[in-house]
Amino acid sequence: MKVVEDPDVLASTTRKWQTNGQVVGLVPTMGALHAGHQSLIERARSMCDRVVVSIFVNPIQFSESSDFLSYPTPIDSDLDMCQTLGVDLVYRPDAKRMYPEGFSTSIHVARLTDAWEGRDRPGHFDGVATVVTKLLAASRADKAFFGQKDFQQCAVLRRLITDLDLDVEMVVCPTVRDHDGLALSSRNERLSAESRRNALAIPTSLRSLQKHFDDGQTESATLCDSIVQALTDNDLVIHYVEIVDSTDLAPVGTAQVGNVVIVAASSGGVRLLDNHILT
Ligand code: AMP
């Protein structure tokens, strides 16, 4: 497994592979790899001849510097996981190389970024869109793999790839959960035992919302109220709970199959995201 810091070396390596007819997959990550990232890498491994994993804690997507500075960076175990999973190349640029002096470009995807995470974290999606564009450009990946857990991020990146005619196939992989249902996240390790217990209200209430929906309840407000109640009862601070259209992320009044329930809530100060596509 190659570990590369230089975008030119990344580009020349992938170009050589592609010249030999090999399909290159990219899995962008910020490191602190867990089984959620693992599932993306395994999916890439199964669909591509060569797998590139990028590990880069992207400073420009954090709206709070304390969040950036405390982001976990267990690089040795990350590299071990990549090696074990048969990754061909880990791209690990440093921030000065990624954003050298004079860097002045920002990619802004309009509308889809106005609400939800975009409203609560100003500039976050510009940072994500800019870094993903750079990663796609440097790797020239044929396919790129993202997690459904970050549902709005997927919608924004799908729009970006379409709007900029980027020649890459986007593959969205299902959310991987802990044994008790909590969606895996690099931030979970910041949860105290009590906050983690309380956080279980998120997946539990998403599951019961699906049951209410199965029983015939389709009014969004009523469905969401049951989640709000469960989260409040468990001391979570709610940022939003909504049922939205899966493409434009606009709230729907009457829920139907394919709509997405999106939730952001903090437990013990740790912001957690989850979602569920109604079936
Ligand atoms: P991150 O390192 O948090 O930026 O995440 C890198 C990629 O892994 C993103 O596409 C995430 O959506 C995805 N991801 C994070 N957590 C999970 C999870 N629990 N299940 C599936 N994918 C995930």
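**Domains.** I started with the domain split. The protein divides into domain 1 (2–173) and domain 2 (186–277). I noted that this is a predicted model. I then looked up how far apart the two parts sit: their C-alpha centres lie 26 Å apart. For the contact, I found 21 residues from domain 1 and 20 residues from domain 2.

**Interface area.** The size of an interface is often given as the accessible area lost when the parts come together, so I looked that up next. Domain 1 and domain 2 bury about 1700 Å² between them. Carbon and sulfur atoms carry 52% of that area. Which residues of domain 1 lose the most area to domain 2? I got Trp116, Glu117 and Phe151, together 38% of what that side buries.

**Polar pairs across the interface.** Side chains of opposite charge can pair when their charged atoms come close. I searched for such pairs between domain 1 and domain 2, and the rule finds four salt bridges there. I also picked out the salt bridge between the side chains of aspartate 67 and arginine 187, at 2.9 Å from N to O. For polar contact across the interface, the rule finds eleven residue pairs, both residues at pLDDT 80 or more.

I then asked which helices feed the side of domain 1 that touches domain 2. Both α6 (117–120) and α8 (151–163) came up, each with at least two residues. I sorted the residues of that side by type: eight nonpolar, six polar and seven charged.

**Ligand.** I moved on to the ligand and found 17 residues around it. Those that come nearest are His37, Gly147, Asp150, Val176 and Leu184. I checked three of the ligand's surroundings atom by atom.

- Methionine 30 places a polar backbone atom 2.9 Å from an oxygen atom of the ligand.
- Histidine 37 uses its side chain: a polar atom there lies 2.9 Å from a ligand oxygen atom.
- Leucine 184 has a backbone N or O atom 2.9 Å from a nitrogen atom of the ligand.

**Salt bridges overall.** I widened the search to the whole structure and got 16 salt bridges. I looked at one of them, where the side chains of aspartate 88 and arginine 50 meet at 3.1 Å, N to O. Where do the two residues sit? Aspartate 88 is in the loop between α4 (75–84) and β4 (89–91), and arginine 50 is in strand β3 (residues 50–55). The pair is 38 residues apart and links distant parts of the chain.

**Valine 237.** My last entry is on valine 237, which I placed in strand β7 (residues 237–244). Leaving out residues up to four places away in sequence, valine 237 touches Ala264, Ala265 and Ser266. I also checked valine 237 against leucine 184, 53 residues away along the chain. Their C-alpha atoms are separated by 19 Å.

Methods
Residues are numbered from 1 along each chain as its sequence is written. This is a predicted model: local features need pLDDT of at least 70, side-chain atom pairs count only at pLDDT 80 or more; totals for chains, interfaces and linings use all residues. Side-chain values use heavy atoms; hydrogens and water are left out. Domain bounds come from an automatic or database domain assignment. Contact means heavy atoms within 4.5 Å. Buried area is the accessible area (1.4 Å probe) that two parts lose on being put together, summed over both. A polar contact is a pair of N or O atoms within 3.5 Å; within protein, one must be able to donate a hydrogen and the other to accept it, and residues adjacent in sequence count only if both atoms are side-chain atoms. Helices (H or I, at least four residues) and strands (E, at least two) are DSSP runs, numbered from the N terminus. Ala, Val, Leu, Ile, Met, Phe, Trp, Tyr, Cys and Pro count as nonpolar, Asp, Glu, Lys and Arg as charged, and the others, Gly among them, as polar. A residue is near a molecule or strand if one of its heavy atoms lies within 4 Å of it.
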